Each structure stands twice: as C-alpha cells, then as structure tokens.
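This report follows a few charged pairs and then turns to the fold around them. Please keep the sequence and the structure in view while reading.

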Amino acid sequence: MLVTHYAIPLADAQLTEIRERIRVIGPDFDVLPGLAAKLFLLASDTPCYALYYLWRTPDALHDFLDGPRFAALCERFGRPELTHYLTRAPVLPFVPGQRLDIAPSTGTPIAGDVLLDDLRLGGRTTLRSAAHGRFEVVYVAGSHNLPATLS
C-alpha cells in the first residue's frame, strides 16, 4: 500500500489549537474514499503536527491532493513537503493516546512495527509504539470508526 507523510512545525501556543482542529476534522477522514487510515500525531518537545495516510490506491491519493481538504491545509500552513512510502501493512495499528517513535529501521522488526520503504531516498522507516515515544497519536481516521452498516 502507499503511504504519504508530511509534518508541520508549530509554535508551542498552537498545540491546543491543532488538537481541537484534529477533534473537529478527524472524523471527516473516516469516509474519505480510498483512505485505509490516517494517523494524526502531535509532538510537544519540538512542537510538530505530523500526518501519515495509508492509501488503498494511487488514484485516491491524487484525488485527495487535488481536492478541498488538501487545499485548505495548504492555505492554512503552506504546502508541505510530501514523503511517499510503500508498505506491506494493511492497517496502521495504533490507537489514540498511544506514543510512537518514528526512526530509520535498524535491526529486526518487532510485532506491531509498521515498516515504510522510502520511494525517493531508499531505506526504511519504522513506526513503532513506544511508552516514551516523541509523538502522541491523537486520532486514527478510517472506516474502522464507522458503524458496520456504513463501512
């Protein structure tokens, strides 16, 4: 599957505002066609808003980039630099409140790791649950949040 990532540096004062933004817009992504999952992440040590999208098809990514959601983000924060990965992971197995580390892959993966192959630079990045990880999972969007009759 295809993964798209970008990060937006923040000022300390923006963390509360962005947390509220996530609460408001996160559920809108539960029904985004072609999106398997989206991680909304916040880091407070060096304030940062990071996002990972897991796409079912490249066309879904194209539709998102050409659509109103991405346009609104670009208008508010400027156009972020996008990084694209391939992964064999069918889901992003993380939950709100969990902490994550995101780092170049080294050694043997452990259960629950999501391995991302960098399409431009080569190499691998690992998303890993970690008790003291830099990033807090604020919301995980996807059809898994919908009632069975809607998904």
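D113 is a buried residue in this predicted model, its relative accessible area being 15%, and that value places D113 among the buried residues because the cut-off for burial is under 20%. The partner of D113 is R128, with which D113 forms a salt bridge whose closest N and O atoms lie 2.5 Å apart. This pair joins distant parts of the chain, since D113 sits in the loop between β5 (99-104) and β6 (114-118) while R128 belongs to strand β7, 15 residues apart. R128, for its part, is partly exposed, with a relative accessible area of 28%.

Side chains of opposite charge can pair when their charged atoms come close. How many salt bridges does a search of the whole structure find? The search finds seven, and three of them, including the one just described, are set out below with the accessibility of each partner.

| Salt bridge | N to O distance | Relative accessible area of the partners |
|---|---|---|
| D113 and R128 | 2.5 Å | D113 15%, R128 28% |
| R134 and D45 | 3.0 Å | R134 30%, D45 53% |
| R23 and E20 | 2.6 Å | R23 55%, E20 37% |

In the second pair, R134 and D45 form a salt bridge in which the closest N and O atoms are 3.0 Å apart. Here too the pair links distant parts of the chain, with R134 in the loop between β7 (124-129) and β8 (135-141), D45 in the loop between β2 (35-43) and β3 (48-55), and their positions 89 residues apart in sequence. R134 counts as partly exposed at 30% relative accessibility, whereas D45 counts as exposed at 53%.

The third pair lies within one helix: R23 and E20 are three residues apart in helix α1 (residues 14-25), so that about one helical turn separates them. Their side chains meet in a salt bridge of 2.6 Å, taken from N to O. R23 is exposed, with a relative accessible area of 55%, and E20 is partly exposed, at 37%.

For the charges as a whole, the protein chain carries 14 positive and 16 negative ones, and the mean positions of the two sets are 3 Å apart.

An uncharged residue, L2, offers a view of how the start of the chain is packed. L2 is placed in strand β1 (residues 2-9) and counts as buried at 14% relative accessibility. Although L2 and T57 are 55 residues apart in sequence, their C-alpha atoms are 7.2 Å apart in space. Beyond its neighbours within four places in sequence, L2 is in contact with a set of residues that includes Y53, L54, W55, P58 and L61, as well as H84, Y85, L86 and L119.

The wider fold can now be set beside these details. The protein chain has three helices and eight strands, which run from the N terminus in the order β-α-β-β-α-α-β-β-β-β-β. The radius of gyration is 15 Å, close to the 15 Å that the globule rule gives for 151 residues, so the chain is as compact as a globular protein of that length. Along its principal axes the C-alpha trace spans about 40 × 35 × 30 Å.

Among contacts with a separation of 6 or more, 71% are between residues 24 or more positions apart. Buried residues account for 44% of the 151 residues, and the accessible surface of the protein chain comes to about 8,200 Å², with 56% of it belonging to carbon and sulfur atoms.

Technical notes. Residues numbered from 1 in each chain as written. Predicted model: local features only at pLDDT ≥ 70, side-chain atom pairs only at ≥ 80, totals over all residues. Heavy atoms only, no water. Helix = DSSP H or I, 4+ residues; strand = E, 2+ residues; numbered from the N terminus. Rg over C-alpha atoms; globule rule 2.2 N^0.38 Å. Buried < 20%, exposed > 50% of the residue type's maximum accessible area, 1.4 Å probe, protein only. Contact = heavy atoms within 4.5 Å. Areas by Shrake-Rupley, 256 points an atom, 1.4 Å probe, with all protein chains shown as cover. Lys, Arg positive; Asp, Glu negative; His and termini not counted. Charge placed at Lys NZ, Arg CZ, Asp CG, Glu CD. Salt bridge = Lys/Arg side-chain N within 4 Å of Asp/Glu carboxyl O.
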